[in-house]
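Me: I am new to this structure. Please show it, then let me ask how the terms are earned.

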Amino acid sequence: MTTEPDSSADAESRGAASATAPSGGDRPAGGLADTSTGKAKVGVADLIFKNATRTAGVGLLVLIAAIAAFLVLRATDALGANTGNFFTTEEWFPNATPPVFGIAALLFGTMITAAIAMIIAVPVAVGIALFITVYAPRRMASALGYIVDLLAAVPSVVYGLWGLLVLAPHMKGIQSWLTDYFGWIPLFETDRGVGRSIFVASVVLAIMILPIVAALSREVFLQVPSAHREAAMALGATRWEMIRTAVLPYGKPGVISASMLGLGRAMGETIAVALVLPASFNISWQILAPAGNTIAANVANGWGEANDIGRGALIASGLVLFIVTMLVNIIARAIIARRREFLGSAA
Amino acid sequence: MKTATVPGSAVAGGEDRLQLRGRVLPRWVPLAAAAGAVVLTVLIYLVTSISSRIQFLLLVAVFFILAMTVPSTLVEGARRARDRFATNLVYAAFLLAVIPLLAVLVNVIEKGARRLRPGFFTHSMNGIGARDVGGGIYHAIIGTVEQVALASLLAVPFGLLVAIYLVEYGRGRVSRVISFFVDVLTGLPSIIAGLFILAFWILALHQGFSGFAGALALTVLMIPIVVRSAEEMLKLVPDELREASYALGVARWRTILKVVVPTALPGIVTGVMLAVARVAGEIAPLLLTVFGTNLINANPFSGEQSALPLYIYSQAGQPQQAAVDRAWAAALVLIVIIMLLNFIARLIAGRSRL
Amino acid sequence: MATRIDVSGLTAYYGKFKAVADVNLTIEPKNVTAFIGPSGCGKSTVLRTLNRMHEVLPGARVEGQVLLDGEDLYGPGMDPVAVRRTVGMVFQRPNPFPTMSIYENVIAGLKLNGVRKKALLDERVEESLRGANLWEEVKDRLGRPGAGLSGGQQQRLCIARAIAVEPQVLLMDEPCSALDPISTLAIEDLIAKLKSSFTIVIVTHNMQQASRVSDSTAFFSLEKTGDPGRLVEYDKTSQIFSNPKEKRTEDYISGRFG
Amino acid sequence: MATRIDVSGLTAYYGKFKAVADVNLTIEPKNVTAFIGPSGCGKSTVLRTLNRMHEVLPGARVEGQVLLDGEDLYGPGMDPVAVRRTVGMVFQRPNPFPTMSIYENVIAGLKLNGVRKKALLDERVEESLRGANLWEEVKDRLGRPGAGLSGGQQQRLCIARAIAVEPQVLLMDEPCSALDPISTLAIEDLIAKLKSSFTIVIVTHNMQQASRVSDSTAFFSLEKTGDPGRLVEYDKTSQIFSNPKEKRTEDYISGRFG
Amino acid sequence: TDDNSDSGGTAAKPSNGASAIACEKGSITGSGSSAQKNAMDEWVKAYQNACDGAKINYQSTGSSTGRQQFVAKQVSFAGSDSALKDQQKTDADKRCTPGTAVDLPMVVGPVALIYHLSGVDKLQLSAPTIAKIFSGAITKWNDPAITAENSGVTLPDAPIASVHRSDGSGTTDNFTKFLKGAAGAAWTFDSGSDWKAPGGQGAKGSDGVTATVKSTENSIGYTELSYAENAGLSTVAVKNGAGEYVKASTDGASLGLSTAKVASGDDLKLTFDYTAATKGAYPIYLVTYEIACTTGLPADQAKLVKSFLTYTASDAGQSSIADLGYAPLPDSVATRVRAVVDKLS
Ligand SMILES: Nc1ncnc2c1ncn2[C@@H]1O[C@H](COP(=O)(O)OP(=O)(O)OP(=O)(O)O)[C@@H](O)[C@H]1O
Ligand SMILES: Nc1ncnc2c1ncn2[C@@H]1O[C@H](COP(=O)(O)OP(=O)(O)OP(=O)(O)O)[C@@H](O)[C@H]1O
Ligand SMILES: [Mg+2]
Ligand SMILES: [Mg+2]
Ligand SMILES: O=P([O-])([O-])[O-]
């Protein structure tokens, strides 16, 4: 991105004070130092605007700091009262006397549902975005774009109810089929003929975040300069090759970024997961078995009937989710950064 | 000079005629492959004991893609086959995604339309007992529209400013840190946002439940989405345009507001709509901040309000069918409202000029 | 072998707008043909119909025939991808792939064709960059992004990329408009060299260039804005520049008309 | 009034890379000065230092002085925005604002600086578009998007946009490289007309153009890639083209060196 | 509009309740237990119909949240599935200075065991068997322990899918209290609003449990009677202290609760006796309280709370919710409640 180095900003700020009179003239633009005309405050306006944006940016940090401080503050009592090991205990009984709770199973469930959801959703979302931007006829494309946006609007409780009442029963067949034929893969070993599993929750999450990732990816793909697409096509690239040489590399940071939004939502989703998952507190790789729970869903489940320690414990789990999101983003950033480094020098 | 003999290459040496046609699979092949895939799947269904419809479609798709790839590789060469494979995959991805998504929509429409009637929009839930079939969502619509509008009013300018800072001014540590924490904020579970506002606004500052408190919680959730998407879109505005504007002697801030932002506007609007869509369906943060009510309260700054997601959630959990019906109808209305907002925003974005 | 292009009854549209109408011309193999004419007369449009790049724009379509060695590019069963592989193209604005290094840019086309052998690729990169008169300037930074070059360097990179796949026909849309005279000269030399095996069509605004490099010249023009562009005259370059048949051609060449 | 530009000891960097070193030259008011030289020698870079556009690239910085009528553009208290309003610029690649109509593009500079009067704007639009030789072609579609024009038309639109704000100095970076001869001629005429009140600096690859339009010519060159570009010779155009002092200038102009 | 008198369907102005209502104006909010939401909706409707200018807003946020909001002075009364414990009581008393906070048992209902077994429309179980099923000690439907209690019924050789609440719940609290009190050694877990036994699957809310049982073959779960009836699921006949197998019913629950011990004083905590040999009693029941201040509320709120609770504790109030799956308070308890409500100010 183009930017003026700080030196110029300094020059602008100093500009207001300096009074170098311009070599007079009839042209309004005669003054180079910004003190000459009625619109002399351009430099000041720039400074104000810049500082407004900077203040907003710092305000965001303050907000996050406030949230984090609040989480930590409210979590400490509960963590102190905990008789289990917060990191290794699988059960979650913070309201019992004495309280015993640990994040292990919840964290595991959060990661695995979000991971499976991403594995399903991101390729499909990129597929949808490509379909809309590259494959579909123009008029159809804008209609489809609209539908995708619309689907992003379905409230998560609806996805949850749909997942519980419609999808779960439908998924029973697929689940038992997977166990029958792929049961040798440990992941698919157990299925108890119940459609409520980590897998189904992941599918619901995937469907939920699909429109988000697809909508943003579509925007990004639309921005790929046609010069690049044409360059690829003129080299005799098939449509797919054109996508691979021109569209995907250009759009990659944007897609990663969109995926991060989707991931954030997948990890933070409360009600939909709470409705679909059977909420058991154990670590199990059996993604088809009726088991599993996530941090966010557990907060939704536990909040209403939690006592003080219980609430502190739930807030502590929220803090963990916060930190996990942070870690995931560090990794994603590292991936984008490698790309940017290359592009940055190209700018 | 021309001796490259890459298979499928048009410049294959020794041939007099240009290979501009390549060998293309006859038209009937895709049809046959589709038919074959269906037949094969039906056979599998007859032989084994599976019955899922979703799975049926998945299997047909897989078989079709396989059935197309093999002859395509043989006849048309690897590159075309790969292209076909990718095309089929993209189409399949699209269909596979659209089917469940449409299923959700159809489901909501079907169940929701059953209960929709004019009175539903004009009445609150005041005095509706557990057994009663009447009542409406007027109070909830007011609440949702006001809360989401307030949240947008706070989050969009703020988020846009942050995005502008990150893209246009941000250099060095501070902006990297901000940008990073924006991502972190996207993962904030919504209930934590509600808790935060509860602790900060309601308990610490002694404000009561209100639509505005809910809007504050929604704002926290909207900000990162707005920032993220606006940032992405601003980055895509070519520097040439900025330079063109600077060269006209246009100040930086005007360049940003009048050239950069309008260029990125359609994308930004999409992001804002996604943010609106996301928060308009939130339950948990509202539960703790706007509280909910059966009565109409048009003032978002004082007293409990209702909201469509709260309404849906509480009605859906009731044992009576009448309540569950109301929940689906309200869900349908919520979707339609967001769709309308989306539509209006797009109209505005499409119009905007210098 | 070489490739002759027969254009007959070619009309190109952008949506409802007819950009060029009824073009008929025959481009000889192993020849350089220049398209000249005022801005907006449809030179680029016609050029892009020659390798089916026109149709990649939404709403753009073509009527008429373009025969490449007798085969109609727009005939049934024609594969636009194969056409474009055979008929290469260099654009008006340099468009290196921004995510690729200089090296990767040059071999982008070869990679698509499945060439993987490092030695061959290395060789072709050097050959193509030398051909585009860019080798000396970039040989030490082949791994740097292609977009970091200056405008002229970028365009030469694009030319290198196009010739690296060794097409049969090379279409160039004002390829030198961003190049300095030295690089232009090198490209013109290159064109002269390439025409011994390729058919070359070049759009240019530089009349000197047209007269220097081309064997035949096609002059396009349009009556007034909104009208479709038309082929006014097509002949040996020497003929066009010394003794044009049409008054309008003469006016244009002598700078009296636009 | 008119504006003289004194450049002294100018060195420009892209990050750590020194792109041009130690340029000293004086550009006379009401004169057209041409910058010529091989690709990559830093013509664009020097041009962009003359209205502080260089520094908008991240990491780019400038050492030395550029005096505009005696005021150092890089002196303390200088407002780059005011500088750019006084020293206008046309770029190598046409860059109309995509969200704006043709009309809005032309008045963008005015409107963004607060001019609102419709009559004045209308008048200025016609005047500027006529000046850029584009009026006839677009007068019926002023409300259409500027990006829908052909390359040449777009560039002329950008020229119209630049002259609409009536700068004192006009910098042009290969403004005609995408134009046909007719439009080029019109621009050259325009330059001749404009120089009666403006100071004009033009980068060009077209030696004929340099000799046609310019009063003075600066020849830049560089030893080898990686070295910074330097000003080799600066003189009256007639002098440079007929009797250059430097061997390298002569080599370049006669096409023996690049 | 807020006027739903025409669209309210079956119930316009219920004449039965009106007489018991001594109207007050003003507006109050209450929050807490979701188990009493239906009852509250009904009562609020009746009260507001009778009294112009009264606004009562009850939201089911969960008992614990309700209690906390009560303590934080955000609501005028709370609905709670369990009585205040020591620390909670202290906090709540503080809120009510100069008065104290009191637990008023108000809404009673049976907890039904619902099951989904094709071909089985009659199932009876004793407390220990139920405990073993829900704790995972019994895993098959044709386990001898079950068949022994169900002679003449053919039970499938299928694994039992037990469904419990995944969210914190008063229903779970009361159900596990029953198991702890009646099943003896067969139930080794603590009672509480969180489900603690391993195995089985959780479902969110009573509707979630109902939906899961409905869609899962060979499953069994527990829920308030109204959900069971609405979903058309069969319910288990549970063996009571008198040795009878009794199906869930409101009257049965009333009978069952009548043996509960009411704490002395104004704070009417109940202690249940699940093994009492009362004929016809259904032993699994749920009691939810209203938590209110004896004094200490702002005057306008206090009046309305008192007037409203007077109605809810009245015969008219109690009988108006019977067909929503709630049981009327046994007389012994009701009398005490009315006495305390009368003292509120
Ligand atoms: N993408 C497009 N959509 C609509 N119209 C277009 C498009 N591209 C070009 N045109 C129009 O088609 C006509 C021919 O354009 P074309 O680009 O072929 O001209 P040209 O001779 O190449 O001009 P130049 O010398 O400026 O490049 C012009 O009127 C132009 O406005
Ligand atoms: N944004 C940039 N970042 C880094 N290096 C740059 C950048 N722009 C130009 N350069 C380098 O600076 C040197 C001078 O470039 P400049 O664009 O000024 O040359 P030029 O004479 O205008 O060339 P051309 O005739 O091709 O436009 C070149 O070596 C070029 O690679
Ligand atoms: Mg063109
Ligand atoms: Mg340049
Ligand atoms: O009333 P519940 O606490 O069981 O939801």
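The turns below deal with one ligand and with chain contacts.

Reply: This is a predicted model, where local features need pLDDT of at least 70, side-chain atom pairs count only at pLDDT 80 or more, and totals for chains, interfaces and linings use all residues. Residues are numbered from 1 along each chain as its sequence is written, chains are lettered from A and ligands numbered from 1 in the order in which they are written, and side-chain values use heavy atoms, with hydrogens and water left out.

Me: How do you know which chains ligand 5 lies between?

Reply: A residue is near a molecule if one of its heavy atoms lies within 4 Å of it. The residues around ligand 5 include Glu305(A), Ser34(E) and Arg165(E). Ligand 5 lies between chains A and E.

Me: What makes the approach of Ser169(E) to ligand 5 a polar contact?

Reply: A polar contact is a pair of N or O atoms within 3.5 Å (within protein, one must be able to donate a hydrogen and the other to accept it, and residues adjacent in sequence count only if both atoms are side-chain atoms). A side-chain N or O atom of Ser169(E) is 2.6 Å from an oxygen atom of ligand 5. So the pair qualifies. For Asp81(E), a polar side-chain atom lies 3.1 Å from a ligand 5 oxygen.

Me: Which residue classes make up the shell around ligand 5?

Reply: The shell has one nonpolar, four polar and four charged residues.

Me: Which two chains share the most contacts?

Reply: Contact means heavy atoms within 4.5 Å. Among the eight pairs of chains that touch, chains A and B have the most contacts. Chains C and E do not touch; their nearest C-alpha atoms are 49 Å apart.

Technical notes. Nonpolar A, V, L, I, M, F, W, Y, C, P; charged D, E, K, R; others polar.
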